Amino acid sequence: QVQLVESGGGLVQTGDSLSLSCAASGQTISGNSMGWFRQRPGKEREFVASISRSGSFCYYSDSVVGRFTISRDNAKETVYLRMDSLKPEDTAVYLCAVTQNLGVMARIDEYVYWGQGTQVTVSS
């Protein structure tokens, strides 16, 4: 079983930046594609970004492309999400997850391990 722990969330103002981290333990994630999702109260989980196992390919939702950057360091068993030019609509709990899909366009049901999430709040 893989355990995922997100960190780096907080309260910021519009236009600020945040860097999130997702640290894995229990089993290695170096052979897996990874994804970041976010969820607001009363709404379904929303895809944010994904990255291939080697880090060579990345995929972003239209709402964050150009502002967010996903990356990973397999030696550290950690995935990152750099968020720039934050907007109030980015406010959500951000979760990382593991998929066994070899690509970066996995369906949400293909993500089998999830972290508990870290809260990001962007004031207007």
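In this predicted model, strands β7 and β8 run antiparallel and are joined by 6 bridges. Within this pairing, Ser71 stands opposite Tyr80 of β8. Both strands belong to an open sheet of 4 strands, ordered β1-β3-β8-β7, with antiparallel pairing. Strands β1 and β7 form the edges, and each pairs on one side only. Direction ignored, neighbouring strands of the sheet are turned by 15° against each other on average.

Strand β3 pairs with β1 and with β8. Its antiparallel pairing with β1, residues 3–7, spans 5 bridges. Here Glu6 has Cys22 of β3 as its bridge partner. Towards β8, the antiparallel pairing comprises 6 bridges. Ala23 is matched with Thr78 of β8 in this register.

The side chains of β3 alternate between two faces. Leu18, Leu20, Cys22 and Ala24 point to one face and are buried. Ser19, Ser21, Ala23 and Ser25 point to the other face and are not buried.

The largest nonpolar core contains 27 residues. Trp36, Leu81, Met83 and Tyr94 touch the most other members of this core. Seven strands each contribute two or more residues: β3 (18–25), β4 (33–39), β5 (46–51), β7 (68–73), β8 (78–83), β9 (92–99) and β11 (118–123).

A single disulfide is present in the structure. It joins Cys22 to Cys96, with an S to S distance of 1.9 Å. The torsion about this S-S bond is about 60°, so the disulfide is right-handed. Cys22 lies in strand β3 and Cys96 in strand β9, so the bond ties together parts that are 74 residues apart in sequence. Both Cys22 and Cys96 are buried. Cys58, by contrast, takes part in no disulfide. The nearest cysteine sulfur to Cys58 is that of Cys22, 15 Å away. Cys58 has a relative accessibility of 34% and therefore counts as partly exposed.

The surroundings of Cys96 were examined further. This residue of strand β9 has a relative accessibility of 1% and therefore counts as buried. With neighbours within four places in sequence left aside, Cys96 is in contact with Leu4, Glu6, Cys22, Gly35, Trp36, Tyr113, Trp114 and Gly115. Among these contacts, Cys22 is the disulfide partner of Cys96, and Glu6 is the bridge partner of Cys22. Trp36 is one of the core residues that touch the most other members. Asp62 lies 34 residues from Cys96 along the chain, and the C-alpha atoms of the two are separated by 18 Å.

A charged residue was also examined in the loop between β8 and β9, namely Asp90. Asp90 has a relative accessible area of 1% and is therefore buried. The side chain of Asp90 reaches the backbone nitrogen of Lys87 at 2.8 Å. Beyond neighbours within four places in sequence, the contacts of Asp90 are Arg38, Arg67, Phe68, Ser85, Val120 and Val122.

How values were computed
Residues numbered from 1 in each chain as written. Predicted model: local features only at pLDDT ≥ 70, side-chain atom pairs only at ≥ 80, totals over all residues. Heavy atoms only, no water. Core = buried A, V, L, I, M, F, W, Y, C linked by side-chain atoms within 4.5 Å. Buried < 20%, exposed > 50% of the residue type's maximum accessible area, 1.4 Å probe, protein only. Pairing = 2+ DSSP bridges. Disulfide = S-S within 2.5 Å. Polar contact = N/O pair within 3.5 Å; in protein donor to acceptor, adjacent residues only side chain to side chain. Contact = heavy atoms within 4.5 Å. Axes fitted to C-alpha atoms, helices over the stretch in contact; angles between N-to-C directions.
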